[in-house]
Amino acid sequence: LGNMDRGYSDYQKDLKETDKKQIDFPIFGLVNPPKSYNCFLNSIIQTFWLMDSFRSFFMWYSSLYYTQDDRFIGELKSFFSEIMRTPKNEFDNSNKIYYLKDLRDELAKLEGYESKFNIGDMCDATELYDVILTKVQENLSVAPEGTVSCCGTILQEIIGLNINTRCECPCGKTFDMPQNKDQYLIYVSAFKICERVQVSRKDSVEDIFDKTQKFSQKLGELVKAELQKSLMFPDEDHFKQCRQAEDAVFKMSTPREPEVLSIDLKWSGYEPLDVLTCFNLIPNSLYLSSIYDLEGQDDSLYLFKGMIIYWGSHYYAFFRVFIDGEEWLRVDDRTITKKGAWKDVVAECVNAMVIPTVILFEKYSESVLVPDLREMERNFTIDKYTMKTLIEENRK
């Protein structure tokens with residue numbers, strides 16, 4: 001195990017010190033041969049590399065080898081070990097293209113997923129995200145005793161949410177609902193969130209602009225409202241007997257602030273204006289308290305870092321990186337493209353009618369890697385002219 005008897009927190013501290021001296025890292029493309037449909041896997045692997053918390057975790061995790069490792073975990077660790085040996089250089093991925101064939105082959109052999117992840121199947125990126133994190137967590141939980149302290153809880157600290165829900169009836173009775181433990185994704189209906197903005201093609205450009213601006217960057221608040229609305233009263237007998245039960249309040253809280261927040265947007269069909277509305281809701285940053293009540297801890301700020309995109313049976317992604325200042329990258333299999341400012345990303349996505357399926361936020365902390373938060377906020381703002389132009393095109 002080499003020096004891995006040291007804790008993950010020690011490793012992460014060393015990594016941050018290294019980052020202060022050299023702030024760039026390898027950027028690579030991933031092959032998606034015809035009829036292999038690897039785009040969903042490529043998008044998730046890029047997510048694990050381009051999100052700072054995931055990258056530092058997998059750089060550490062790839063150095064751990066247990067006799068309990070199955071072939072899938074072995075291939076996953078082997079790939080990240082290879083990436084770590086790639087020289088850091090200027091933005092140029094032309095000579096760094098990898099093919100995840102062995103990883104995909106082992107993915108297809110996972111018990112319970114033999115028919116799901118076969119080559120030739122267009123699979124869901126969100127499901128794979130959850131599957132890989134679950135497999136990694138299972139692997140960490142069987143770490144040989146004494147090799148790494150608190151090994152089994154490291155991944156939960158990065159991505160896991162423990163959600164406590166309490167139902168408070170106006171009559172005075174309260175009901176504690178079953179806890180959702182180590183939840184990796186926040187699941188919510190994109191359609192229902194967009195519906196709350198109440199825009200219509202029949203509205204004028206000015207009306208649509210006013211409505212979208214009212215909810216601009218309000219994703220957290222709308223996610224919270226929709227999560228609360230989806231909850232069912234936990235005691236059927238009390239609900240039937242108490243006249244006030246329909247006015248019950250649900251309070252969702254968490255004792256943990258993970259490094260990464262992942263929101264899974266579920267789509268069941270959409271209109272052009274839904275796409276525009278959804279992108280306009282995404283904030284530059286949000287506080288965890290905008291979605292969940294906190295249990296005594298400080299309210300952390302999370303920075304919007306990336307999203308996985310779905311379009312015409314194809315997955316790709318956009319990520320916000322800090323190499324030569326702030327930059328948005330389009331990560332599409334073997335092709336990595338600089339896209340400029342957030343408004344350029346939104347314009348491309350809205351005009352192409354693509355939808356975000358996973359929205360990723362990372363806990364904000366000041367470092368040489370990240371520009372001033374106020375500067376990022378200014379760069380994130382979509383000017384009135386661009387917004388009205390997009391609305392006009394959408395109405396057509």
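## Two loop residues with positive phi

Met 353 has a relative accessible area of 26% and is therefore partly exposed. On this scale buried means under 20% relative accessible area, exposed means over 50%, and partly exposed covers the values in between, with a 1.4 Å probe and protein chains only. The model is predicted, so that local features need pLDDT of at least 70 and side-chain atom pairs count only at pLDDT 80 or more, while totals for chains, interfaces and linings use all residues. Residues are numbered from 1 along each chain as its sequence is written, and side-chain values use heavy atoms, with hydrogens and water left out.

Met 353 sits in the loop that joins helix 13 (342-352) to strand 15. Helices (H or I, at least four residues) and strands (E, at least two) are DSSP runs, numbered from the N terminus. The phi of Met 353 is near 60°, a positive value in a residue other than glycine. Tyr 37, in the loop between strand 1 (29-30) and helix 2, also has a positive phi, near 50°. Tyr 37 is partly exposed, at 35% relative accessible area. Most residues other than glycine have a negative phi.

## Overall make-up

The protein chain contains 15 helices and 15 strands. It has 396 residues, of which 53% count as buried. Contact means heavy atoms within 4.5 Å. Among contacts in the protein chain between residues at least 6 apart in sequence, 73% join residues at least 24 apart.

## Helix 6 and its crossing with helix 2

Helix 6 (residues 125-141) and helix 2 (residues 39-50) have axes that come within 9 Å and cross at roughly 55°. Helix 2 is therefore oblique to helix 6. Axes are lines fitted to C-alpha atoms, for helices over the stretch in contact, and angles run from 0 to 180 degrees between N-to-C directions. Angles under 35 degrees count as roughly parallel, over 145 as roughly antiparallel, 65 to 115 as roughly perpendicular and the rest as oblique. The crossing of helix 2 with helix 6 is right-handed; that is, the near helix is turned clockwise from the far one by less than a right angle, whereas an anticlockwise turn would be left-handed. On the helix 2 side the residues are Phe 40, Leu 41, Ile 44, Thr 47 and Phe 48, which meet Ala 125, Leu 128, Tyr 129, Ile 132 and Leu 133 of helix 6. This contact has nine nonpolar residues, one polar and no charged. Ala, Val, Leu, Ile, Met, Phe, Trp, Tyr, Cys and Pro count as nonpolar, Asp, Glu, Lys and Arg as charged, and the others, Gly among them, as polar.

Of the 17 residues in helix 6, 12 are buried, among them Thr 126, Val 131, Lys 135 and Gln 137. The expected span of a helix is 1.5 Å times one less than its number of residues. For helix 6 this gives 24 Å, in agreement with the 24 Å between its end C-alpha atoms.

## Helix 15 and helix 13

Helix 15 (residues 384-395) has 12 residues and reaches 16 Å from its first C-alpha to its last, close to the expected 16 Å. Thr 386, Met 387, Lys 388, Leu 390, Ile 391 and Asn 394 are buried in helix 15. The buried residues of this helix pack against helix 9 (205-214), helix 12 (272-281) and helix 13.

The axes of helix 13 and helix 15 come within 11 Å and cross at roughly 5°, which means that helix 13 is roughly parallel to helix 15. Lys 343, Val 346, Ala 347, Val 350 and Asn 351 of helix 13 make the contact with Thr 386, Leu 390, Glu 393 and Asn 394 of helix 15. Four of the contact residues are nonpolar, three polar and two charged.

## Buried residues with distant contacts

Thr 357 is placed in strand 15 (residues 355-363) and is buried at 9% relative accessible area. Leaving out residues up to four places away in sequence, Thr 357 touches Thr 126, Ile 263, Asp 264, Leu 265, Ile 308, Tyr 310 and Tyr 315. Leu 281, in helix 12, is buried at 1% relative accessibility. Its C-alpha is 8.9 Å from that of Leu 222, with their positions 59 residues apart in sequence. With residues up to four places away not counted, the contacts of Leu 281 include Ile 193, Val 197, Phe 215 and Leu 222.

Pro 258 lies in the loop between strand 7 (249-254) and strand 8 (260-266) and is buried, with a relative accessible area of 0%. The C-alpha atoms of Pro 258 and Asn 162 are 9.7 Å apart, although the two residues are 96 residues apart along the chain. Neighbours within four places aside, Pro 258 contacts Glu 157, Ile 158, Ile 159, Gly 160, Leu 161, Tyr 302 and Lys 363.
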